[in-house]
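User: I am new to this structure and would like to learn how to read its features. Could the explanation begin with charged side chains?

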Amino acid sequence: QVQLVESGGGLVQAGGSLRLSCAASGSFRSFNAMSWYRQAPGKQRELVATITSRGVTNYADSVKGRFTISRDNAKNTVYLQMNSLKPEDTAVYYCNAEAVVAVGYVEVWGQGTLVTVSS
């Protein structure tokens with residue numbers, strides 16, 4: 001079984017910064033792509049950023065230039081540095097990853113961490 005646990009959410013004023021972390025634990029060999037999603041109240045969950053096992057990144061247009069995704073494979077952790085935050089960034093942020101396990105691959109989700117940006 002593989003678990004992802006997010007941390008780092010909270011309340012911040014517009015223009016501020018937060019850094020989210022997502023740490024993996026359990027039984028796995030490695031991770032392929034690792035991603036951050038978010039879901040605002042009344043809206044569908046959307047992809048924010050993805051990083052491949054080789055470090056290739058991709059971002060939603062709404063966060064390009066403000067957010068940076070990174071990973072530490074030795075610590076099995078993925079990060080999301082969020083700068084110049086806007087009220088519209090308010091959402092629950094979820095970590096997602098494809099874990100390589102003994103029998104193949106499994107998609108794993110974290111429980112989410114709330115980010116609130118005040119105007």
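Analyst: The model is predicted. Asp89 and Arg66 form a salt bridge, with their closest N and O atoms 2.7 Å apart. This pair links distant parts of the chain, since Asp89 sits in the loop between S8 and S9, while Arg66 sits in the loop between strand S6 (57–59) and strand S7 (67–72), 23 residues away. Arg66 is buried, at a relative accessible area of 10%.

User: What is the general idea behind such a pair?

Analyst: Side chains of opposite charge can pair when their charged atoms come close. In this model, the count comes to four salt bridges.

User: Which other side chain meets Asp89 in a salt bridge?

Analyst: That partner is Arg38, at 2.9 Å from N to O. Asp89 lies in the loop between strand S8 (77–82) and strand S9 (91–101), and Arg38 in strand S4 (residues 30–39), so this pair ties together parts that are 51 residues apart in sequence.

User: Is Asp89 buried or exposed?

Analyst: Asp89 is buried, because its relative accessibility is 0% and buried means under 20%. Arg38 is likewise buried, with a relative accessible area of 6%.

User: With which residue does Arg38 form a salt bridge at 2.7 Å?

Analyst: Arg38 pairs with Glu46, the closest N and O atoms being 2.7 Å apart. Glu46 is partly exposed, with a relative accessible area of 35%.

User: Which residues are joined into one network by salt bridges that share partners?

Analyst: The network consists of Arg38, Glu46, Arg66 and Asp89. Its shared partners can be traced through the pairs already described: Asp89 bridges to Arg66 and to Arg38, and Arg38 bridges to Glu46.

User: How should I approach the nonpolar side chains?

Analyst: In soluble globular proteins, nonpolar side chains tend to be buried together. Here the largest nonpolar core has 33 residues, and Phe31, Trp36, Leu80, Met82 and Tyr93 touch the most other members. Several strands each supply at least two residues of this core, including strand S1 (2–7), strand S3 (18–26), strand S5 (46–51) and strand S11 (113–118).

User: Which strand provides the largest share of this core?

Analyst: Strand S9 does, with six residues.

User: What does Phe31 touch?

Analyst: Leaving aside residues up to four places away in sequence, the contacts of Phe31 include Val2, Leu4, Ala24, Ala97 and Ala99. Phe31 also touches Ser53, Arg71, Asn76 and Glu98.

Terms used. Residues are numbered from 1 along each chain as its sequence is written. This is a predicted model: local features need pLDDT of at least 70, side-chain atom pairs count only at pLDDT 80 or more; totals for chains, interfaces and linings use all residues. Side-chain values use heavy atoms; hydrogens and water are left out. A salt bridge is a side-chain nitrogen of Lys or Arg within 4 Å of a carboxyl oxygen of Asp or Glu. Buried means under 20% relative accessible area, exposed over 50%, partly exposed in between (1.4 Å probe, protein chains only). Helices (H or I, at least four residues) and strands (E, at least two) are DSSP runs, numbered from the N terminus. A nonpolar core is a set of buried Ala, Val, Leu, Ile, Met, Phe, Trp, Tyr and Cys residues joined through side-chain atoms within 4.5 Å. Contact means heavy atoms within 4.5 Å.
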